[in-house]
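New to this one? Here is a quick tour, one topic at a time.

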Amino acid sequence: MSVNNISVIIPTLNAGAMIDGLLSALKRQTITPAEIIVVDSSSDDDTQAIVRAKHPDVRLLVIDRKDFNHGGTRDYVLRKSSGEFVCFLTQDALPKNNEFLERIVKPFSDEHVALVYGRQLPRADARPAERIVRGYTYRPQSRTFTQADVKRLGINAFRASDVCAAYRRSAYLEVGGFENPVLTNEDMFIAARFLRAGWAIVYEADAQVIHSHNFTFKQQFNRNYIQGVEITKHSDILGNAKLTGEGFSMLTYTMKELLKEGEIMEAARFFIDCIFRYTGNRKGVLDAKRAARKSARR
């Protein structure tokens, strides 16, 4: 495998406060990507100016904000890139060290691996609950997933994340690429396609980025609403895989850890946060089913 054949793609919107740090971190990596492409959704701030002035070697593509969607935009840029392997990063995911790229492409030495996603570590300002949830979701042990795991793990076998993920171009094209349009979970849907086509997916715990969010209740509701809509609309791609009790397990684990730390108010806040997550998701599922029935009657 040639380590010089990796494209890095970063979608941005008003990333002026973080894009210089991210691009600088990528240039310090132990392996040098063949290209770095920033696709900007017509930012209102100085994102484009920073890229042009401080990183003239970075390829900058600008699209209309209304044309952005998580699957279609990533697919558009991937097809303009040249690398045999393509690494996607979000604008707020900062590699923890200079070995990030080297470690996220290492599993591709196995020719059966189509997708590798990395570990997300919480930012210093992460709320206690967010810190614990990141630790629960992104554990220190790497893992490989195949179609054989779907029956036991259900939808959790597909839980990849384009916050930091690398793709084998040939496998990506083989399964048809990301859904387009799609508002979220493009990574999950293509992961399901990979497994069904006989490819493997790797969670590489040694490929680490700093990434977390302190969402408000409203933001959690909206985020989970969109996920509920998209997962319901694309349930056929997921093979109607079962939703396991992962949400409840995460809730109980996080609550126990918060109480152990004496974070009683944070535990109460997190419980309310989970109510907003659940109700947002349920409303998204119901609205998607209602829309599907209406469409079928036409």
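Let's start with helix α3, whose buried residues are G71, G72, T73, R74, D75, V77 and L78. Keep in mind that this is a predicted model. From α3 we'll move out to the whole chain and then to a few other spots.

**Helix α3**
- Helix α3 runs over residues 70-78, and 7 of its 9 residues are buried, so call it mostly covered.
- What do the buried residues of α3 pack against? Their partners are the strands β1, β2, β3 (59-62) and β4 (85-89), together with the helices α7 and α8.
- The N-terminal end of α3 is capped by N69, which has a side-chain oxygen 3.1 Å from the backbone nitrogen of G71.

**The chain as a whole**
- The chain holds 11 helices and 9 strands.
- Its radius of gyration is 19 Å, close to the 19 Å that the globule rule gives for 298 residues, so the chain is as compact as a globular protein of that length.
- Measured out along the principal axes, the C-alpha atoms fill a box of roughly 50 × 45 × 40 Å.
- How much of the chain is buried? Buried residues account for 53% of the 298 residues.
- Take the contacts between residues at least 6 apart in sequence: 79% of them join residues at least 24 apart.
- The accessible surface adds up to about 14,400 Å², and carbon and sulfur atoms hold 52% of that.
- The chain carries 43 positive and 35 negative charges, and the mean positions of the two sets are 7 Å apart.

**Helix α8 and the loop before it**
- Helix α8 covers residues 186-196, and 9 of its 11 residues are buried, so the rest of the structure largely encloses it.
- Which residues of α8 are buried? They are E186, D187, M188, F189, I190, A191, A192, F194 and L195.
- After α8 comes G198, with a positive phi near 95 degrees.
- P181 sits in the loop between α7 (169-174) and α8.
- The peptide bond joining N180 and P181 is cis, with omega at about 0 degrees.
- For background, most peptide bonds are trans.

**Two loops and the serine that links them**
- N14 belongs to the loop between β1 (6-12) and α1 (19-27).
- Although N14 is not a glycine, its phi is positive, at about 50 degrees.
- N14 is partly exposed, with a relative accessible area of 31%.
- S42 is in the loop between β2 (35-40) and α2 (47-54).
- S42 is not a glycine either, yet it has a positive phi of about 50 degrees.
- With 28% relative accessibility, S42 counts as partly exposed.
- As a general point, most residues other than glycine have a negative phi.
- S43 is also placed in the loop between β2 and α2.
- Is S43 buried or exposed? S43 is buried, because its relative accessible area of 12% falls under the 20% cut-off.
- The S43 side chain reaches the backbone nitrogen of N14 at 2.6 Å.
- Leaving out residues up to four places away in sequence, S43 touches T12, L13, N14, A15, Q48 and R65.

**Q208 in strand β9**
- Strand β9 spans residues 200-210 and includes Q208.
- Q208 has a relative accessible area of 11%, so it counts as buried.
- A polar atom of the Q208 side chain lies 3.1 Å from the backbone oxygen of A205.
- What does Q208 contact, leaving aside its neighbours within four places in sequence? The list is L94, P95, K96, F100, R119 and L121.

**V229 in helix α9**
- V229 is part of helix α9, which covers residues 217-233.
- V229 counts as buried, with 17% relative accessibility.
- Residues up to four places away in sequence aside, V229 touches G284, V285 and A288.
- From C-alpha to C-alpha, V229 and Q141 are 31 Å apart in space, and they are 88 residues apart in sequence.

Technical notes
Residues are numbered from 1 along each chain as its sequence is written. This is a predicted model: local features need pLDDT of at least 70, side-chain atom pairs count only at pLDDT 80 or more; totals for chains, interfaces and linings use all residues. Side-chain values use heavy atoms; hydrogens and water are left out. Helices (H or I, at least four residues) and strands (E, at least two) are DSSP runs, numbered from the N terminus. Buried means under 20% relative accessible area, exposed over 50%, partly exposed in between (1.4 Å probe, protein chains only). A polar contact is a pair of N or O atoms within 3.5 Å; within protein, one must be able to donate a hydrogen and the other to accept it, and residues adjacent in sequence count only if both atoms are side-chain atoms. Contact means heavy atoms within 4.5 Å. The radius of gyration is taken over C-alpha atoms; the globule rule is 2.2 Å times the number of residues to the power 0.38. Accessible areas come from the Shrake-Rupley method with a 1.4 Å probe; for residues, only the protein chains shown count as cover. Lys and Arg count as positive and Asp and Glu as negative; His and the chain ends are not counted. The place of a charge is taken as NZ of Lys, CZ of Arg, CG of Asp or CD of Glu.
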